[in-house]
Amino acid sequence: MSSSASASAPEQAAAAATESQPPVVEFRSVTKVWEPGTPRECTAIRDVTFCIEDLPNVGEMVTLIGPSGCGKSTVLNLIAAFQGTYPPTSGEILVRGRRIDGPGIDRGMIFQKYSSFPNRTVLRNVRFGLEINRERLGISETQIDSQAREWIKKVGLGGHEQKYPHQLSGGQQQRVAIARTMALKPRILLMDEPFSALDEPTRIEMQRLLVDLWTEVEATVIMVTHSIVEAVYLGDRVWLFSQGPGRIVKEFKDLPPRVPGKSPLESQKDADFLKVVDHVADEFAKVQRGGGK
Ligand code: ADP
């Protein structure tokens, strides 16, 4: 599966792309079998192949949907190269043209569960990644502090710097995770159901925040979500996975464009938008019934 056709902004950027840039992420026939050779053996994904090309000056957002347990998180964890998941059982994973051998600062992950350190303030949480990567980033103590504070403001938490995670709402805690991750300017942002635990108005607010920040950082975002509405709204492309062992069975592109200045809620009420959501939901239902393979 190739990323050559996408929504309009990436398409324009693709036209300007030079041939020589390696894809951001490439899976070549990747299979992951958990606990092989044991009674608990489980093939999470089988022969997954895709390519997310590098679109200069714009990040692409790819959203992953599919039945529970079909291997979506496994795909993200493989890209992150987390210990325990990486390497795949077979196949090859390339990030910007190179085989990866472990986690890297170029890939940031945001989970569903609020992942802040409970004993650190908002400021110290956001400073954390900058501190441990200080040498690699080549930044001074003053820059650590100013960049952390800048990101706290960008995610709308200005004034909350000295609060601890337990003093924040769920949405605010996810904002801390976003600030902490984005402060490192990852080229690839991996998000595993990041807004699933939030109430609907907060989820919508977080979608708006993500679109705003993502436009600014130009990262490639790969997000797992169980919300078809969210997948269609945020995705330049939506990938539908089969029942486990997961494979990508459908790619939806040419999705309704996000209109600058138009709120997620308004956009998600549009008739054209809802038509696409219906179509994706129908295909999802086929997969759940065991068809669509
Ligand atoms: P999804 O994100 O689509 O819900 P996952 O990637 O979490 O799916 O899981 C895919 C399959 O792999 C499931 O059957 C799950 O039980 C299994 N699995 C996930 N992680 C592990 C693990 N660490 N050890 C063993 N099996 C796992």
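**Burial, ligand shell and backbone geometry**

Author: Gln 268 belongs to the loop that runs between helix 9 (264–267) and helix 10 (271–288). Helices (H or I, at least four residues) and strands (E, at least two) are DSSP runs, numbered from the N terminus. The model is predicted: local features need pLDDT of at least 70 and side-chain atom pairs count only at pLDDT 80 or more, whereas totals for chains, interfaces and linings use all residues. Residues are numbered from 1 along each chain as its sequence is written, and side-chain values use heavy atoms, with hydrogens and water left out.

Reader: Why is Gln 268 called buried?

Author: The relative accessibility of Gln 268 is 10%. Buried means under 20% relative accessible area, exposed over 50%, and partly exposed in between (1.4 Å probe, protein chains only). Gln 268 therefore counts as buried.

Reader: Which residues does Gln 268 touch, not counting those up to four places away in sequence?

Author: Gln 268 touches Ile 204, Gln 207, Val 229, Tyr 233, Phe 273 and Leu 274 under that exclusion. Contact means heavy atoms within 4.5 Å.

Reader: What makes a residue part of the shell around the ligand, and which residues surround the ligand?

Author: A residue is near a molecule if one of its heavy atoms lies within 4 Å of it. The residues around the ligand are Trp 34, Glu 35, Cys 42, Ala 44, Pro 67, Ser 68, Gly 69, Cys 70, Gly 71, Lys 72, Ser 73 and Thr 74. Their classes are 5 nonpolar, 5 polar and 2 charged. For this count, Ala, Val, Leu, Ile, Met, Phe, Trp, Tyr, Cys and Pro are nonpolar, Asp, Glu, Lys and Arg are charged, and the others, Gly among them, are polar.

Reader: How do you know that Trp 34 makes a polar contact with the ligand?

Author: A polar contact is a pair of N or O atoms within 3.5 Å. A side-chain N or O atom of Trp 34 is 3.2 Å from an oxygen atom of the ligand, so the pair satisfies the cut-off. Oxygen atoms of the ligand also lie 2.8 Å from a polar side-chain atom of Lys 72 and 2.6 Å from one of Thr 74. The protein buries 61% of the 560 Å² that the ligand exposes when taken alone; such areas come from the Shrake-Rupley method with a 1.4 Å probe. Strand 2 (42–52) and helix 2 (72–80) are the elements that give two or more residues to the shell. Helix 2 contributes the most, with 3 residues.

Reader: How many helices and strands are there in the protein, and why is the protein described as being as compact as a globular protein of its length?

Author: There are 10 helices and 10 strands. The radius of gyration is 19 Å, close to the 19 Å that the globule rule gives for 293 residues, so the protein is as compact as a globular protein of that length. That radius is taken over C-alpha atoms, and the rule is 2.2 Å times the number of residues to the power 0.38. Buried residues make up 52% of the 293 residues.

Reader: Which residues of helix 3 are buried, and what covers them?

Author: In helix 3 (residues 122–132), the buried residues are Val 122, Leu 123, Asn 125, Val 126, Arg 127, Gly 129 and Leu 130. Their cover includes helix 4 (134–137), helix 5 (141–154) and helix 6 (170–182).

Reader: What is the phi of Ser 29, and why is this residue called partly exposed?

Author: Ser 29 has a positive phi of about 50° although it is not a glycine. Most residues other than glycine have a negative phi, and most peptide bonds are trans. Ser 29 is placed in strand 1 (residues 25–34), and at 35% relative accessibility it counts as partly exposed. Asp 47, in strand 2, also has a positive phi, near 55°. The relative accessible area of Asp 47 is 45%, so Asp 47 is partly exposed.

Reader: Where are the cis peptide bonds at Pro 87 and Pro 245?

Author: One joins Tyr 86 and Pro 87, with omega about 5°; Pro 87 lies in the loop between helix 2 and strand 4 (90–95). Another joins Gly 244 and Pro 245, with omega about -5°; Pro 245 is in the loop between strand 9 (237–241) and strand 10 (248–252).

Reader: What makes Gly 246 buried?

Author: The relative accessible area of Gly 246 is 0%, so Gly 246 is buried. Gly 246 also lies in the loop between strand 9 and strand 10. Not counting residues up to four places away in sequence, Gly 246 touches Ala 44, Ile 45, Arg 46, Val 48, Cys 70 and Phe 241.

Notes:
A polar contact is a pair of N or O atoms within 3.5 Å; within protein, one must be able to donate a hydrogen and the other to accept it, and residues adjacent in sequence count only if both atoms are side-chain atoms.
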